[in-house]
Amino acid sequence: MNKPLFLRQSVSDSIELLRMMEPKEGYYLAFSGGNDSVVIYRLAEMAGVKFDAHYNVTTVDHPELIRFIRSTYPTVIPERAKDTMWTLIPKRLMPPTRLVRYCCEVLKEGGGEGRVVVMGIRWAESARRRKAWKVIEPCSKKGTVKVNPILYWTDDEVWGFIRAENVPYCSLYDQGYKRLGCIGCPMSYNKKKELEAYPKYKAAYLRAFGRMIEERKKRGLDKGAEGHALWDTPEHVMEWWLSR
């Protein structure tokens, strides 16, 4: 392999793991279109293992990312949850926050039940993941096992592999993005700037906040979360949400 020395062992170990854990029916490969996803997709190809790739449609992904997946990975299977972000917000009676990320559970973490699922989880992404995740992870869903072949990989290894293998990736990374979360993701510190860049999504959030306010009124909940000022307009909810 024509790869930097620091990367060769990581690639070899990941391929060996994929071959060792390959189920008869093939892997369920969880694909988001991000840099880690394209790496595990390419590793699965290099390992020669059977797999089918699936993308959870969040309804708040960047248009550039959606176009990239459709054009470059046309065999990836889109999976749609019963809810969207726009139905979840009124149903949960509040916007998603850093502490209450109900959106991830419903929109991003489904699929693969009863399968061996390949994921692009890495320790380098957060301290929480370093504490919680292992290379082979049993799942609460019956019969599901998660395999994380690049768990130990660094950011340099991910991008070194992408360049060495000429793996296509979403153009948003060339615009300065480090991670491709949902537009308006509560974990993002650039949420306000991002919503201004995608006004159609901002307008959709405001409409959802309006429906949320009406639902709260029906239930006699006239105050904002944690006793904050009245959520009397979608704009006030947006102001509170962005200030968090």
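**Close-up views of a predicted model**

**View 1. Surroundings of H54 in the predicted model.** Setting aside neighbours within four places in sequence, H54 is in contact with Y28, L29, A30, F31, V76, I77 and E79. The residue belongs to strand β2, which runs over residues 51-57, and H54 is buried, with a relative accessible area of 10%. A polar contact of 2.5 Å joins the side chain of H54 to the side chain of D52.

**View 2. Helix α2, residues 35-47.** With 13 residues at 1.5 Å a residue, helix α2 should span 18 Å, and this agrees with the 18 Å that separates its end C-alpha atoms. Because 10 of its 13 residues are buried, α2 is largely enclosed by the rest of the structure. The buried residues of α2 are N35, D36, S37, V38, V39, I40, Y41, L43, A44 and A47. G48 follows the helix and has a positive phi, near 75 degrees.

**View 3. Cysteines C103, C104 and C185 in a structure with 0 disulfides.** A disulfide would require two cysteine sulfur atoms within 2.5 Å. For C103 the closest cysteine sulfur is that of C104, at 4.6 Å, which is too far for a bond. The sulfur of C185 likewise has its closest cysteine sulfur in C104, but at 6.0 Å, and this separation is also too far for a bond. C103 is itself buried, its relative accessible area being 8%.

Note on methods. Residues numbered from 1 in each chain as written. Predicted model: local features only at pLDDT ≥ 70, side-chain atom pairs only at ≥ 80, totals over all residues. Heavy atoms only, no water. Buried < 20%, exposed > 50% of the residue type's maximum accessible area, 1.4 Å probe, protein only. Helix = DSSP H or I, 4+ residues; strand = E, 2+ residues; numbered from the N terminus. Polar contact = N/O pair within 3.5 Å; in protein donor to acceptor, adjacent residues only side chain to side chain. Contact = heavy atoms within 4.5 Å. Expected span 1.5 Å × (residues − 1).
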